Amino acid sequence: MRAADLVEPYPTVGIDDNAMDAARLMAEERLVGVIVMTADGRPYAVLPGSQLLRFSVPRYIQADPTLARVVDERHADLMCARLADQKVRDVLPDEGPVPAVVHPGATAMEIAALMARSHTPLVAVYDGSAYLGAITASGLLRRLLAAG
């Protein structure tokens, strides 16, 4: 199986789009993350939903999770409000994006290895000039399990 056989349509966001809009897209479409595109249409990074949550949860609570219990629900409901004034580029991981991108000829093993190495459940398929869609970990597993 090649990436061209596994690729499915998948939503994207622009690197300069509003982070709240990206979060809404993920929530409404029940996505694990989104592909982040450059202004010229190249896949730049994968923004996982966990990264949006990481950005939204105050660092002092991340450092000491026991403090999460003392935050009242009214404040917890406002947790994502921080996203409203941010661009997607602002909420990408500090260590820099890992471009989880494969060409249409990539094998299932190459795709799986990239997902494992980059800790992402999502890989963009790009033929050098156009974004073709993405491959999800669940989609890859579904196809591999059906083949076995």
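The largest cavity in this predicted model is lined by Leu6, Glu8, Ala134, Ile135, Thr136, Gly139, Leu140 and Arg143. Two elements each give two or more residues to that lining: strand 6, which spans 131-136, and helix 8, which spans 137-147. By class, the lining residues divide into 4 nonpolar, 2 polar and 2 charged. Glycine is counted as polar here, so Gly139 falls in the polar group.

The space enclosed by these residues comes to about 40 Å³. With a threshold of 30 Å³ or more, the protein has a count of 1 cavity. Rolling a probe the size of a water molecule over the atoms shows where empty space is left.

The two elements named above belong to a fold with 8 helices and 6 strands. Along the sequence, these elements follow the pattern α-β-α-β-β-α-α-α-α-β-α-β-β-α. Strand 6 and helix 8 supply the β and α that end this pattern.

The next point is how the chain is packed as a whole. The protein has 148 residues, and 36% of them are buried, where buried means under 20% relative accessible area. Of the contacts between residues at least 6 apart in sequence, 58% join residues at least 24 apart.

The outer surface can be described in similar terms. The accessible surface of the protein totals about 8,700 Å². Carbon and sulfur atoms account for 55% of that area.

How values were computed:
Residues numbered from 1 in each chain as written. Predicted model: local features only at pLDDT ≥ 70, side-chain atom pairs only at ≥ 80, totals over all residues. Heavy atoms only, no water. Helix = DSSP H or I, 4+ residues; strand = E, 2+ residues; numbered from the N terminus. Buried < 20%, exposed > 50% of the residue type's maximum accessible area, 1.4 Å probe, protein only. Contact = heavy atoms within 4.5 Å. Areas by Shrake-Rupley, 256 points an atom, 1.4 Å probe, with all protein chains shown as cover. 1 Å grid on protein atoms, 1.4 Å probe; cavity = no way out; pocket = protein on both sides within 12 Å on 5 of 7 lines; lining within 4 Å. Points joined across faces, edges and corners; volume = space filled by probe spheres on them.
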